[in-house]
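The exercises below concern enclosed spaces in a protein model. Work through each task with the structure at hand, then read the solution.

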Amino acid sequence: MKDSNFRLDVFKKASLCRNFEEEVIKYLNNKTIKIPVYVSAGQEFISSTISVLSKKKRLKPLLFGQHRCHSIYLSFGGNIKKLIDELLGLKSGCTKGMGGSASIHSKEINMFGHDGLMGSNGPIGVGACFATKKPTIVFLGDAAAEEDYVLGAMGWASQKKLPILFVIEDNNLSILTEKKVRRNWEMADVAKSFKMNAYTINDDPLSIKKISKNFFKKPVLININTNRIYWHAGAGKDSNDTFDRYDYEKKKLGIKAFKIHEDIKKQIKKLWLRQLEIR
Amino acid sequence: MAKTVRDTIKEITYKHLKNKKSLILGQCLSAVGWVGGTIPELREKDGITELSMADVANGGIVVGAGLSKRRPIYVIRYQGFNWFNAPIILNYACKSKEIWNVPCPIFIRGIAMEGSIGPVAGSSHHSIYYRMPGIKIISPMTPKEYVLSYKNFMADNDVYYISEHRGSYNNKLELKDYLSKDLDLIIFCISITRFEAKKVREKLLQKGIKIGIANILWIKPFKIKKKWIESLKKSKFGGIILDDDYVRGVASDMAYKLMKISKKKIDVMGLKDRSAGFSKKSDNLPPQSDEIIKTILKKMKLNK
Ligand SMILES: Cc1ncc(C[n+]2csc(CCOP(=O)(O)OP(=O)(O)O)c2C)c(N)n1
C-alpha cells in the first residue's frame, strides 16, 4: 500500500475517534454523561494505525486495553451506538451499562474489559496469548507499564516467544505526575533487556508502520510518545498548546482529509442525537 | 473555629514531616489536589515522596521505610488498590515484630469513596487487613478521632491501617453514641455509615421507635464498650451492624462477637455480594438510610 493511501486509511479511523470524543466532551459539559470518562483524544493515531496494520495482515488480535480505551474500541471496529449507550449507562451498551468509559468490553472485536487496577491487563493479556497463541495486543499507559506485575509478565512473554505486541501509549503523565518524577528509565530499554524487539517512536502512522514487520511474529514492545489533549478524566484541558497529531495530519493530507473529517463529524453527531432520542 | 477532618489530617501530616522528619509516600500525592487537600503542599526534601506506579513493590518500599523507624505515612488513594498494596505490608511489616523483634510502624491511610467509580476503586476494604495478625485498624470520621488515631500510632510500634472515607473530609462535628436501657434496637456503625445511622435514628424517632447508636472507631482490636453491651442486653430487638465493606468480613465477625456476649440477635448490612459498575444504576453503595429503616422495621415485625 502506498504511504499516502495508508495515511488516509489511518486518518479515517482517527477521525472517527476524534469526532466521537468531541461529542463526548460536549455531552460531558452539558452533563448528559454523568460518569467518569477518559477520552483518548490526542492519542488516537496509535490504535488507528495498529488497527489498519492488523487488518492488512488479516489479523483480528485479542485486545487488552486499560481505562483510556474508546479509541481502541472504535479503531478496531466496535459498534459506535453501543459505545454511546454504554457512556449513557444503558443496558444496551457494549458492557451492559456497567463498564462505563473505563471498562469497555466487546466480544465481537475480541476486546476484553479492564477491571480498573492499572496494569492488570499486562499479565492477563500474556496469559490469554499463551493459552490461545492468538495475536494479542496489550495497551498500557506509561504509568501502568511501571506496575511490577506488568514487567514480570513481559519477561515471561519474551521467554515464551509469544505473538504479543505491547503498546505503551506514552503521554508522559500519570494523572498529572510526569514520568521524570516517577522513573529515570525507558520501557523500550527494559524490553530490550528482556530480549524483545523494542522501539521508542512517536505516534506518526508511518513511524509505526516502519517497525511493524515483526508484529505478532514474536514479542514486540513499542513505546509511542503521544499527547493527551484533555484532562486525565473529564472535559477540561491542561494546556492549549499541546501538539495535536490530528490537526497536523489533517493539514498535511489536505482536502481529502478535511472532507473525511466533515463527513464523519456529521455522521457521529447524528448517531449521538439518535441514541439520545431513543434511550 | 472547628477544624474539618481534612484540615486535621493536613496539620498532622505537616507536623509529622516537619517535626519528626518523617516521610509520606504514595502515588500522585502532589499533582492532583494533594489527595483531597489532606497533604500539605511541601516538597520532596520535606518528605513528600512520589512513588512510581508499581503498586506491589510500593507496598514493599514502604515496609523498608518502616524498618527505618521514621514512621512513614503511606497513602493508598482508593482502598480497593490494597489488593496489590497490602501483600508485603501484611506479610512482612505486620509480622516483623513477632518474628524478629523488629517493629515496623507504618501509618497507612486507606481512602474510601464510592459512586460510579467501578468495580475496584470504591468503598472500604479494611476486611483485607482484619483477618491478618500484627495490625491495628481504626476508622476515624471526626477531627478528634483522627488526632486520637495518630496519637495512638505514635505511642505504639505496630502497623496502623486508617480506614478513611472522603465523605468525612468536610466533617467538623464529633459523633456521639446514643445509648440507654430502653432502646428498641442499636446500630453499630463503621466508617461513612455512621452519618447514615444518625439520619436513621432521627427518622425512626419520629415514628416512636428508639434507636441507639454505637460508633465503632476501633475495628482491630474491636473495642467493645461496656455501655454498648448493657444497652444491647436491654434492647427489645438486638442490633444491626453497618459497614462500608462487604459483609463477609469485619461486620460478620463483629456481629458474632456481640451476639456471643449479649445473647441478642445482630444483623449485618454492608456492600452487596456483587460487583459495582461505572454507572449510577450499577453502583454498590454502603447501606442508605431508607434501606436501613426498611431492614429495621422488618426485623422488628418478625420478632414481635
Ligand atoms: C493498581 C492501581 N494503582 C493506581 C491506580 C490509580 N490510577 C488510575 S489511572 C492512573 C494513571 C494512569 O496513567 P497511565 O497508565 O499512564 O495512563 P493514562 O491515564 O495516561 O492514559 C492511576 C495512578 C489504579 N487505578 N490502579
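**Exercise 1.** Which strand of chain B gives the most to the lining of the second largest cavity, and with how many residues?

*Solution.* The model is predicted: local features need pLDDT of at least 70, side-chain atom pairs count only at pLDDT 80 or more, and totals for chains, interfaces and linings use all residues. Residues are numbered from 1 along each chain as its sequence is written, chains are lettered from A in the order in which they are written, and side-chain values use heavy atoms, with hydrogens and water left out.

Step 1. A cavity is a set of points, on a 1 Å grid over the protein atoms alone, where a 1.4 Å probe fits but cannot get out; lining residues have an atom within 4 Å of a point.

Step 2. The lining includes B:Tyr74, B:Val75, B:Ile76 and B:Arg77.

Step 3. Helix 3 (55-67) and strand 3 (73-76) of chain B each give two or more residues. Helices (H or I, at least four residues) and strands (E, at least two) are DSSP runs, numbered from the N terminus.

Step 4. Strand 3 of chain B gives the most, with three residues.

**Exercise 2.** Describe the largest cavity and its lining.

*Solution.* Step 1. Its volume, the space filled by probe spheres set on grid points joined across faces, edges and corners, is about 120 Å³.

Step 2. Among its 18 lining residues, B:Gly118, B:Gly122, B:Ser123, B:Ala276 and B:Asn284 are the closest to the centre.

Step 3. Helix 5 (residues 118-121) of chain B supplies the largest share of this lining, four residues.

Methods. 1 Å grid on protein atoms, 1.4 Å probe; cavity = no way out; pocket = protein on both sides within 12 Å on 5 of 7 lines; lining within 4 Å.
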